[in-house]
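Student: I've got this one open on my screen and I'd like to go through it piece by piece. Can we do it as questions and answers?

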Amino acid sequence: MSCLRRPAKLSSSEELLRCARSQKDIQVNAKLLGMEGDPDLQFLLQGGDLLKVRSTSWKKTRYYRLQEDCKTMWHESKKNFNTKQTFSLYDISAVRMGRQSEGLRKNTEEQVEGRCFSIMFKNRRKNLDLIASSEEEAKQWVSSLEKMIINLNNLNAQQKSEHWIFSCLRKADKDKDDKLSQSEMKNFLRLINIEADDDYAEMLFQQCDKSKSGYLTGAEIQHFYELLTHREEIDVIYGQFAKTTGFMSPENLVEFLMKEQRGKASVALAHKIIEKYEPDEHVKAKKLLSKDGFLMYMHHPEAMILNSDHNEVYQDMNQPLNHYFISSSHNTYLMEDQLKGPSSTEAYVRALLKGCRCVELDCWDGSDDEPVIYHGYTLTSKILFKDTIKTIKEYAFKTSDYPVIISLENHCSVEQQKVMAHHMSSILGSALVTTPLGDGMPTDFPSPEELKGKFLIKGKRLHKLETIFASETAADDDEDVTEEEESNDEDEQKEEEPSKKKKKLKLAKELSDMVIYCKSVHFNGFEDAVKNLSFYEMSSFKEGIAMKLAEESANAYILHNEDKLSRIYPAGSRTNSSNYNPVPLWNAGCQIVALNFQTTCLDMDVNQGRFLVNGKSGYILKPAYMRDEATGFDPNTLTRGEWLKNKTLHVMVISAQQLPKLNKKKSSIVDPLVKVEVYGVPEDVAVKETNPVENNGFNPSWNESFEFDVYVPDLALVRFVVEDHDSASDNEFVGQYTLPFNSLKMGYRHVPLLSKNGDRLPSAGLFIHIMVVDVK
């Protein structure tokens, strides 16, 4: 039990020593975070009682506090002090004040609003809903947690590494005497993902045990740490350019940046880098860069593999909406599978925070005249339509300012359609587009820039948009007007429904009038679309149909999407919420390629990679030749044209750092290998892999080189994936990173690694060398 827990009498000298040691740990970690003496940190370290809420009948007091590592929250039952659980601050995606979560709205009364807050997690873990004893205390918890998360995320890769290694050292010191015996050292090596045989462990121990005391302490542990974290590859690179008394001068740094990194550089830029990253003030005063400063710079985002300019919106956002790939979600309300899993407004929060710009709502009649959202004819749970719209309004523009498309699958009666229209109008207000922008009948889509902060409704409409500007409106503009539903619409694919080629749907005029730029219509072929459909009339395609069109009629599909929007959705047979490969559909110019965001898989990795850039705006401008009404581009049969920019990609996989343990057992160590994958037009698709390194997830080294021919770089994506090799079964996923080919930076680069959920693994990464050469 920590000495920072509730005040208690210290009963022994051991307890005093334990407290002193805890304070030492806190001081080290607080200094690393730049939070020495910070009142928010002290508040979390002290901790306090909070009421944990799971249901109307399950509300129990739990004691929460921050552990001495300053990154792990610990809590225990007030009733049973032997029950202890932890979670990492790195796993928190947001802390929300008030009764904002679905659980708190459902299970608490309005009068406790100010005392409530929720912790949202990045993975599939359920929200942690809590009630503090007062409004002031709730605000203190929220603000303190938010500050800690910001400070942790602001640590550079090297600082995160030091933080993690320090924590592992503390865990390995079983008897808590600030010394490492040989057995404790071997335990530490396993914790950091290295399996060392007895001879190697003894050799390493003897090398560090200068005092010959049989254990390591103080400077000896520091020496052990330096031996472990020493990176020979950095020594070699630094040594090639450190030509000024063993240090890099500004001129040496410029030479490195231009020769190896193939970037623009100047002496002025070199001075800025030295000023920003050199940790030794004496070296900095001499305008030099030490090896430590060089490594700190190489770990910074501006020096990593992703072109840092692409972290911001850098593309032209003034093109028509249909000229962009749009990050899109299918059945957004589902947290798990398509048949019996839970529906939740939290699923919309997670999708929107990931930059999703098109969300789906399956709407059905509910009780008390309130429409509900769920997967019809299944056992999935139901959520209120109005709660969903409120959630979308709140989180729509947290990650991106660009427009959100609300895709309605409407199965409601006319009466409840009117309720839907009322909720959207009252909740979304002026942000909802209900009339065309500008004067007169538009002939093209507005741009994402013009639609910033706006909502568009995708759904059925009673009449053509042109009727708004007609001198006389059709006499039958009322709720009794019927319209044919799309025979290939999603509700037609559900096995539980009667198979009908055509259905009749009554539409409420109030809801119909909200559909402006995204009117859902049946697809009757490309020729029919050219002759009979206006630009704002769009079709939804089941993946199988879309894939066939993309394979057999790619150029016609591209021309169709140059003028109109297309939405693709997964086959109804994917009841486990699996996904399909979005790349062939992007190659055909399809904008709204909707995936199951709740499912972790290769396809979502690729989707996240596609939308990683342009400020994570959720909009990626299509190449010019896919926006040309006379384009001859066909991704399946490459002919000469502006799209053909043959390049050779050279990749050298050098090393990895601090890969996570997949199995928490001490004896389980990963055998990592690295795959380099290219996605794009069929001619560009390729994968190559390194040999596995046995029993080393801490600092494995490969130094293996690969080459890839890339013919259409504008559409290509590169994925780096680390797997734990298993000769007897499938390899196990460790981490990955995907980015557009055109966002690669050349030279020596660190590659961050993401978990299955798409979240950054705090200390893990690859070190590679990239070169892109034009093929004449």
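**Strands, cysteines and rings**

Student: Through how many residues does a hairpin join E24 to E25?
Tutor: Keep in mind that this is a predicted model. Strand E25 covers residues 686–689, and E24 pairs with E25 in the antiparallel sense over 4 bridges. The hairpin that joins E24 to E25 runs through 6 residues.

Student: Which residue in E25 is the bridge partner of Lys675?
Tutor: Lys675 has a neighbour in another strand too, since E24 also pairs with E27 (residues 717–724), antiparallel over 8 bridges. In E27, Lys675 stands opposite Val721. In E25, its bridge partner is Glu689.

Student: Is strand E24 largely enclosed or not, and how many of its residues are buried?
Tutor: In a regular strand, side chains alternate between the two faces of the sheet. Here Pro672, Val674, Val676 and Val678 point one way, Leu673, Lys675, Glu677 and Tyr679 point the other way, and all are buried. So E24 (residues 672–679) is largely enclosed by the rest of the structure, and its buried count is 8 of the 8 residues.

Student: Why is there no bond between the sulfurs of Cys363 and Cys412?
Tutor: A disulfide is a covalent bond between the sulfur atoms of two cysteines. The cut-off for calling one is 2.5 Å. Cys412 holds the closest cysteine sulfur to that of Cys363, and the pair is too far apart for a bond, at 5.5 Å.

Student: How many disulfides does the count come to?
Tutor: Burial is a separate matter from bonding. Cys363 counts as buried at 0% relative accessibility, and Cys208 is buried with a relative accessible area of 0%. By the sulfur distance rule, the disulfide count comes to 0.

Student: Is Thr332 buried or exposed?
Tutor: Thr332 sits in the loop between strand E10 (324–329) and helix H14 (345–353). Leaving out residues up to four places away in sequence, it touches Ala347, Tyr348, Ala351, Val359 and Glu360. Its relative accessible area is 3%, so Thr332 is buried.

Student: Which residue's backbone nitrogen lies 2.9 Å from a polar atom of the Thr332 side chain?
Tutor: There are two contacts to look at here. One goes from the Thr332 side chain to the side chain of Ser329, a polar contact at 2.8 Å. The other, at 2.9 Å, involves the backbone nitrogen of Glu360.

Student: What kind of aromatic pair do Phe241 and Phe256 form?
Tutor: The whole structure has 24 aromatic pairs. For Phe241 and Phe256, the centres are 5.4 Å apart and the planes are at 75°, which makes the pair edge-to-face.

Student: How many residues apart in sequence are the parts that this pair ties together?
Tutor: Phe241 is in helix H9 (residues 232–241) and Phe256 is in helix H10 (residues 250–259). Both Phe241 and Phe256 are buried, and they belong to one aromatic cluster with Tyr238 and Phe294. The parts tied together by the pair are 15 residues apart in sequence.

Student: And how are the rings of Phe633 and Trp643 arranged?
Tutor: Phe633 counts as buried at 0% relative accessibility, and Trp643 does at 8%. Their ring centres are 5.3 Å apart with the planes at 50°, so the pair is tilted.

Student: Over which ring does the charged end of Lys688 sit?
Tutor: Another lysine gives a similar picture: Lys398 lies over the face of Tyr395, at 5.5 Å from the ring centre. For Lys688, the charged end is 5.0 Å from the centre of the ring of Phe708.

Note on methods: Residues are numbered from 1 along each chain as its sequence is written. This is a predicted model: local features need pLDDT of at least 70, side-chain atom pairs count only at pLDDT 80 or more; totals for chains, interfaces and linings use all residues. Side-chain values use heavy atoms; hydrogens and water are left out. Buried means under 20% relative accessible area, exposed over 50%, partly exposed in between (1.4 Å probe, protein chains only). Helices (H or I, at least four residues) and strands (E, at least two) are DSSP runs, numbered from the N terminus. Two strands pair if DSSP finds at least two bridges between them. A polar contact is a pair of N or O atoms within 3.5 Å; within protein, one must be able to donate a hydrogen and the other to accept it, and residues adjacent in sequence count only if both atoms are side-chain atoms. Contact means heavy atoms within 4.5 Å. Rings of Phe, Tyr and Trp (its six-membered ring) pair if their centres lie within 6.5 Å; planes under 30 degrees apart count as stacked, over 60 as edge-to-face and the rest as tilted. A charge sits over a ring if NZ of Lys or CZ of Arg is within 6 Å of the ring centre and within 35 degrees of the ring normal.
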